[in-house]
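Student: Could you take me closely through the place where the ligand is held, and tell me which residues are around the ligand?

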Amino acid sequence: MTERTFSIIKPDATERNLTGAVNAVIEAAGLRIVAQRRIHLSKAQAEKFYEIHKERPFFGELVDFMTRSPVVVQVLEGDNAVARYREVMGATNPANADEGTIRKLFAPSVGENTVHGSDSAENAAMEIVQFFTDDQIVG
Ligand code: CMP
């Protein structure tokens, strides 16, 4: 089933000029980048995006990190894109990530873990509309 997921290439990756390297792994996995834009998240945007984590002890650190440098927001399309991208990213903590995954290859730590990917199709739809209009997504 063709579906879409939402991805963020995080500040730890843009700071190290890894946007293209991350995209190469995404494309090699068969996911198509159907929209992408480099932006600098405001504090309000980051707080809204991660609202679900606002009671977590790492929330402040997470918002500081995500607003530290530009990010690249993306829409990825493909067969079972939500689950497929989660496989390609690897475990949240890079110490537990499988060989060949984006986090195993590039992530310095659980907090600075290089990429975000939606955890369900419902959340993907909600995350995509925070950053893209329909006409900006070209499948
Ligand atoms: P992400 O998939 O973007 O969604 C929530 C983020 O919280 C997660 O990736 C991590 O970057 C971050 N996170 C999760 N656990 C921790 C932790 N223990 N310490 C700091 N950040 C964390």
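Tutor: What follows goes from the ligand outward to the pocket. This is a predicted model, in which local features need pLDDT of at least 70 and side-chain atom pairs count only at pLDDT 80 or more, while totals for chains, interfaces and linings use all residues. Residues are numbered from 1 along each chain as its sequence is written, and side-chain values use heavy atoms, with hydrogens and water left out.

Around the ligand (a heavy atom within 4 Å) are K10, Y50, H53, F58, E61, L62, R103, V110, G111, N113 and H116. Among the polar contacts (pairs of N or O atoms within 3.5 Å), a ligand oxygen lies 2.6 Å from a side-chain N or O atom of Y50, a ligand oxygen is 2.8 Å from such an atom of K10, and at V110 a polar backbone atom is 3.3 Å from an oxygen of the ligand. The protein buries 78% of the 460 Å² that the ligand exposes when taken alone, by the Shrake-Rupley method with a 1.4 Å probe.

The ligand sits in the largest pocket, meaning that more than half of its atoms lie within 2 Å of the pocket's grid points. A pocket here is an open set of points on a 1 Å grid over the protein atoms alone, with protein on both sides within 12 Å along at least five of seven lines, and its lining residues have an atom within 4 Å of a point. The lining of the largest pocket has 28 residues, with Y50, I52, H53, L62 and H116 nearest the centre.

Note on methods: A polar contact is a pair of N or O atoms within 3.5 Å; within protein, one must be able to donate a hydrogen and the other to accept it, and residues adjacent in sequence count only if both atoms are side-chain atoms. On a 1 Å grid over the protein atoms alone, a cavity is a set of points where a 1.4 Å probe fits but cannot get out, and a pocket is an open set with protein on both sides within 12 Å along at least five of seven lines; lining residues have an atom within 4 Å of a point.
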